[in-house]
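Trainee: I should like to request a close look at one charged site in this structure, set against the fold as a whole. Please take the account step by step, from the chain down to the individual side chains.

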Amino acid sequence: RGTLFFDVARIIEHKRPRAFLLENVKNLRSHDRGRTFEIIESTLKSLGYTVDSQVIDARWWVPQHRERVFIVGFRDEADAARFRWPQPPDVTPKLASILDAEVPEKYTLSDKLWKYLQDYAAKHRARGNGFGFGLADRQGTTRTLSARYYKDGSEILIPQPGMNPRRLTPVECGRLMGFPSSYKIRVSDTQAYKQFGNAVVPGVIAALAKSMRMAIE
């Protein structure tokens, strides 16, 4: 947010790690016509690091379309030359694999909220816009889980035959991000939705970390 990156750069300059990994939303590359990203890259290079970046979609690790830009930096040019971006897994996971068979009724949308979301989507369709709720395909991938999911869950709704659709439970959101079912949620539903929506996908980070470790070892 704003100047936060320069705090990151200050830490890198002080600690001088052999390598680092940064992550942000995909649009960082195009923000301010690309000038923001140019400043980030030039700043990191001025600290003596060889820098590379790539947009990775987490859909190969979790059943969620989630594109993020990752920036890797190496202090040693030889390490940077050995680095290879990780290849995605061979099998793409399906949404059904993270869903519970039964969930509490409170996660089903009320008639009032469901009608509002349908009317809202219809209004924007009439204007030629693509805004609206997202009914997920159990055998496919979902939209990106965001920190605003707690508001109405509209971006990822699970169809229920003969009933209004439901939102994901916090536990399901955790699995959608790649956290194990054993992960302990010690906050309210609202906070859990916000935290998972702001989280990174552990499987993607693990793959990147493995590639970075191979390069420096």
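**A charged site around Asp79**

Mentor: In the protein chain, 66% of the contacts between residues at least 6 apart in sequence join residues that are at least 24 apart. The model is a predicted one, and every value I quote is computed from it.

The fold comes before the site. The protein chain contains 8 helices and 5 strands, and their order along the sequence is α-β-α-β-β-α-α-α-β-β-α-α-α. Its C-alpha trace extends over about 60 × 40 × 30 Å along the principal axes. Of its 217 residues, 40% are classed as buried. The accessible surface amounts to about 12800 Å², and carbon and sulfur atoms account for 51% of that area.

Next comes charge. The protein chain carries 35 positive and 24 negative charges, and the mean positions of the two sets lie 3 Å apart. Side chains of opposite charge can pair when their charged atoms come close. In this structure there are 13 salt bridges, and the site you asked about holds two of them, both made by Asp79.

Asp79 is located in helix 3. Which residues does Asp79 contact, once its neighbours within four places in sequence are left aside? They are Arg18, Phe74, Ala215 and Ile216. Is Asp79 buried or exposed? With a relative accessible area of 0%, Asp79 falls under the 20% limit and is therefore buried.

Consider the partner that is distant in sequence. Asp79 forms a salt bridge with Arg18, in which the closest N and O atoms are 2.7 Å apart. Because Asp79 belongs to helix 3 (residues 77–82) and Arg18 to the loop between helix 1 (4–15) and strand 1 (19–25), the pair ties together parts that are 61 residues apart in sequence. The two side chains also make a polar contact, again at 2.7 Å. Arg18 is partly exposed, its relative accessible area being 37%.

The other partner sits in the helix of Asp79 itself. Asp79 forms a salt bridge with Arg82, with 2.5 Å between the closest N and O atoms. Asp79 and Arg82 are separated by about one helical turn, because they are 3 residues apart in helix 3. Arg82 is partly exposed as well, at a relative accessible area of 44%. Taken together, Arg18, Asp79 and Arg82 are linked in a network of salt bridges. The picture is thus of a buried acid paired with two partly exposed arginines, Arg18 and Arg82.

Two other places may be set beside this site. In helix 4 (residues 111–126), Lys115 and Asp119 are 4 residues apart and so are separated by about one helical turn. Lys115 and Asp119 form a salt bridge whose closest N and O atoms are 2.7 Å apart. Asp119 is partly exposed, with a relative accessible area of 42%.

The second place is Arg68, which is part of strand 3 (residues 67–74). Arg68 is buried, at a relative accessible area of 15%. Beyond its neighbours within four places in sequence, the contacts of Arg68 are Glu23, Asn24, Val25, Lys26, Gln54, Val55, Ile56 and Thr144.

Terms used:
Residues are numbered from 1 along each chain as its sequence is written. This is a predicted model: local features need pLDDT of at least 70, side-chain atom pairs count only at pLDDT 80 or more; totals for chains, interfaces and linings use all residues. Side-chain values use heavy atoms; hydrogens and water are left out. Helices (H or I, at least four residues) and strands (E, at least two) are DSSP runs, numbered from the N terminus. Buried means under 20% relative accessible area, exposed over 50%, partly exposed in between (1.4 Å probe, protein chains only). Contact means heavy atoms within 4.5 Å. Accessible areas come from the Shrake-Rupley method with a 1.4 Å probe; for residues, only the protein chains shown count as cover. Lys and Arg count as positive and Asp and Glu as negative; His and the chain ends are not counted. The place of a charge is taken as NZ of Lys, CZ of Arg, CG of Asp or CD of Glu. A salt bridge is a side-chain nitrogen of Lys or Arg within 4 Å of a carboxyl oxygen of Asp or Glu. A polar contact is a pair of N or O atoms within 3.5 Å; within protein, one must be able to donate a hydrogen and the other to accept it, and residues adjacent in sequence count only if both atoms are side-chain atoms.
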